[in-house]
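Visitor: I would like a close look at one part of this protein, the pockets and the aromatic side chains around them. Please take me through that part slowly and say what the model contains there.

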Amino acid sequence: MSSSPLYRYAFLGSVYNGESVSNFLECIESLKAQTVKVDYFLVVDGPIYQELDEAILQSQNLFKKIFWRPNNSGLAFALNYALQKIKKNYDYVIRYDTDDINHLTRTEKIIEHVEKLSPDICCS
């Protein structure tokens with residue numbers, strides 16, 4: 001991307017007790033490798049097991065903010081909770097799953113698409 005973006009972007013993901021540590025760490029590496037960086041957020045939905053907690057703490061420098069929820073409320077509630085906390089500072093929030101490996105140009109391609117078309121919603 002050659003010029004400043006028109007909009008403000010964030011990436012938001014949620015993790016819960018059933019998440020695989022290795023999948024989570026692969027996802028984090030794919031976020032770190034993005035060709036275009038944005039602000040990354042994570043919501044931890046309820047208590048999690050120790051190894052996953054340690055993996056999140058090892059990766060905490062990637063995140064602008066980690067939201068720790070005391071109880072598991074489900075994906076939709078967890079994401080909505082975090083979205084309410086960040087939405088006033090961003091024009092677009094890009095969802096990621098914490099068990100997915102993101103292609104290294106995912107953020108770049110989404111931003112290019114949004115900058116060109118200004119859609120209400122975009123799926124990638």
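Guide: What follows goes from the pockets to the ring pairs and then to a few residues elsewhere in the chain. Please keep in mind throughout that this is a predicted model.

The largest pocket has a volume of about 390 Å³, and its lining is made up of 21 residues, among which Tyr92, Val93, Ile94, Arg95 and Cys122 lie nearest the centre. Four elements each give two or more residues to this lining, namely strand E1 (9–16), helix H3 (75–86), strand E4 (92–95) and helix H4 (106–117). Sorted by class, the lining of the largest pocket holds 14 nonpolar residues, two polar ones and five charged ones.

The second largest pocket comes to about 160 Å³ in volume. Its lining consists of Ser14, Tyr16, Glu19, Asp45, Asn72, Gly74, Leu75, Arg95, Tyr96, Asp97, Thr98 and Asp99, and these residues divide into three nonpolar, four polar and five charged. Arg95 deserves a second glance here, since this residue is listed among those nearest the centre of the largest pocket and also appears in the lining of the second largest pocket.

Turning to the aromatic side chains, the count comes to seven aromatic pairs. In one of them, the rings of tyrosine 9 and tyrosine 92 have centres 5.8 Å apart and planes at 20°, and because stacking requires planes under 30 degrees apart, the pair is stacked. This pair links distant parts of the chain, for tyrosine 9 belongs to strand E1 and tyrosine 92 to strand E4, with their positions 83 residues apart in the numbering. Tyrosine 9 has a relative accessibility of 6% and therefore counts as buried, while tyrosine 92, with a relative accessible area of 16%, is buried as well; the cut-off behind both assignments is a value under 20%.

Phenylalanine 11 and tyrosine 96 form another stacked aromatic pair, with 5.7 Å from centre to centre and 20° between the planes. Because phenylalanine 11 lies in strand E1 and tyrosine 96 in the loop between E4 and H4, this pair ties together parts that are 85 residues apart in sequence. Phenylalanine 11 has a relative accessibility of 0% and so counts as buried, and tyrosine 96, at 1%, is likewise counted as buried. Tyrosine 96 also connects this description with the pockets, as Tyr96 is one of the residues lining the second largest pocket.

Ring pairs also link Phe41, Phe67, Tyr81 and Tyr90 into a cluster. One member of that cluster has a charged neighbour, in that arginine 69 lies over the face of tyrosine 81, at 4.0 Å from the ring centre.

The loop between E4 and H4, where tyrosine 96 is found, is also the place of asparagine 102. Asparagine 102 has a relative accessibility of 8% and therefore counts as buried, and its side chain makes a polar contact with the side chain of arginine 106 at 2.6 Å. The backbone nitrogen of asparagine 102 is in turn reached by the side chain of serine 30, at 2.9 Å. Serine 30 is found in helix H1 (residues 21–32), and its relative accessible area of 7% makes this residue buried.

Helix H4 contains isoleucine 110, which counts as buried at 8% relative accessibility. The C-alpha atoms of isoleucine 110 and glutamine 58 are separated by 27 Å, and the two residues are 52 residues apart along the chain.

The segment after H4 holds serine 118, which is partly exposed, with a relative accessible area of 32%. Its phi is near 50°, a positive value in a residue other than glycine. As background to that value, most residues other than glycine have a negative phi. Serine 124 is found in the segment after H4 too, and with a relative accessible area of 57% serine 124 is exposed. Serine 124 and threonine 107 are 17 residues apart in sequence, and their C-alpha atoms are 9.6 Å apart in space.

Note on methods: Residues numbered from 1 in each chain as written. Predicted model: local features only at pLDDT ≥ 70, side-chain atom pairs only at ≥ 80, totals over all residues. Heavy atoms only, no water. 1 Å grid on protein atoms, 1.4 Å probe; cavity = no way out; pocket = protein on both sides within 12 Å on 5 of 7 lines; lining within 4 Å. Points joined across faces, edges and corners; volume = space filled by probe spheres on them. Nonpolar A, V, L, I, M, F, W, Y, C, P; charged D, E, K, R; others polar. Phe/Tyr/Trp six-rings, centres within 6.5 Å; stacked < 30°, edge-to-face > 60°. Buried < 20%, exposed > 50% of the residue type's maximum accessible area, 1.4 Å probe, protein only. Lys NZ or Arg CZ within 6 Å of the ring centre and 35° of its normal. Polar contact = N/O pair within 3.5 Å; in protein donor to acceptor, adjacent residues only side chain to side chain.
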